[in-house]
Amino acid sequence: MMRLAPMLARRLHNDRGAVAVSFILVFPIYLLIVGILVQYALLLNARVWVEHAAQVAARSAVTALPDLRPQAVEKAAVMALAPLSPVARGSDVDGEAADMADALQRCGVNLPDTFAQRYNYAKQATRVACSGGDYVHTHGQEIRVTVRYRFLLTVPGASRILAPEYDTVAGVEGRYQTLVASTTVMTSHGRKTRSHGDGVPW
């Protein structure tokens, strides 16, 4: 009986060590799984934003394309994706971003200090394509607006698995996934105000 006590004590001590080793081996895998789940959740959220941007761009395209203003379609998508975007690196603020921020502030919109930099990033990370042909002379033409956005993966470990390649967008280095969303709409010339030849309305 006297010999059993030390043996049991040693066995219990060894079991504790085995549990500690098992925990050390399993815990990083557990963290990686949690990180992948978090990154997938962020990707799903970003996909919702990109789909929203495609809808916003499509609404803009309804009247902007017949008026030969395709840049308005891209601006609509960029504006919708600016809140999702990280801050672009570098001190230079694009003139378009500064003008957009100024216009929104004059309308009473409270913007964060980083809005212009986020707009800069969204502008470089977003591509908009519109299918179709003669928007001016063809009434009610069906067009498909497609928005592509370079989404930055931010969860360590998980980003390496989901996006093996490293890239740089707007000065921001990291791993990216390209998210794509499309929306189909019909163009509309709307009600045009009649004007003189110099553009002054009657």
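1. A helpful term to begin with: a surface patch here is made of residues with over 30% relative accessible area and no salt bridge, and nonpolar side chains are joined into one when they lie within 5 Å. Keep in mind, too, that you are looking at a predicted model.

2. With that term in hand, look at F23, I24, L25, V26, F27, Y30, L31, V34, V38 and L42: they form a nonpolar patch on the surface, and their accessible area together is about 950 Å². Take F27 as one of its members. F27 sits in helix α1, which covers residues 4–64. Its relative accessible area is 35%, so F27 counts as partly exposed.

3. Now step back to the whole protein chain. Five helices and four strands make up its secondary structure, and along the sequence they follow the pattern α-α-α-α-β-β-α-β-β.

4. Helix α2 is a nice one to trace by eye. It has twelve residues (70–81) and reaches 18 Å from first to last C-alpha, close to the 16 Å expected. Which residues in α2 are buried? They are A72, V73, A76, A77, V78, A80 and L81.

5. Next, the strands. β1 (residues 126–130) pairs with β2 (residues 142–153) in the antiparallel sense over five bridges, and C130 has V145 in β2 as its bridge partner. β2 also pairs with β4 (residues 172–186), again antiparallel, over twelve bridges. There, L153 stands opposite R175 in β4.

6. Finally, some totals. The protein chain has 202 residues, and 33% of them are buried. It exposes about 13000 Å², with carbon and sulfur atoms supplying 59% of that area.

Notes:
Residues numbered from 1 in each chain as written. Predicted model: local features only at pLDDT ≥ 70, side-chain atom pairs only at ≥ 80, totals over all residues. Heavy atoms only, no water. Patch = residues over 30% accessible without salt bridge, like charges linked within 9 Å, V, L, I, M, F, W, Y side chains within 5 Å. Areas by Shrake-Rupley, 256 points an atom, 1.4 Å probe, with all protein chains shown as cover. Salt bridge = Lys/Arg side-chain N within 4 Å of Asp/Glu carboxyl O. Helix = DSSP H or I, 4+ residues; strand = E, 2+ residues; numbered from the N terminus. Buried < 20%, exposed > 50% of the residue type's maximum accessible area, 1.4 Å probe, protein only. Expected span 1.5 Å × (residues − 1). Pairing = 2+ DSSP bridges.
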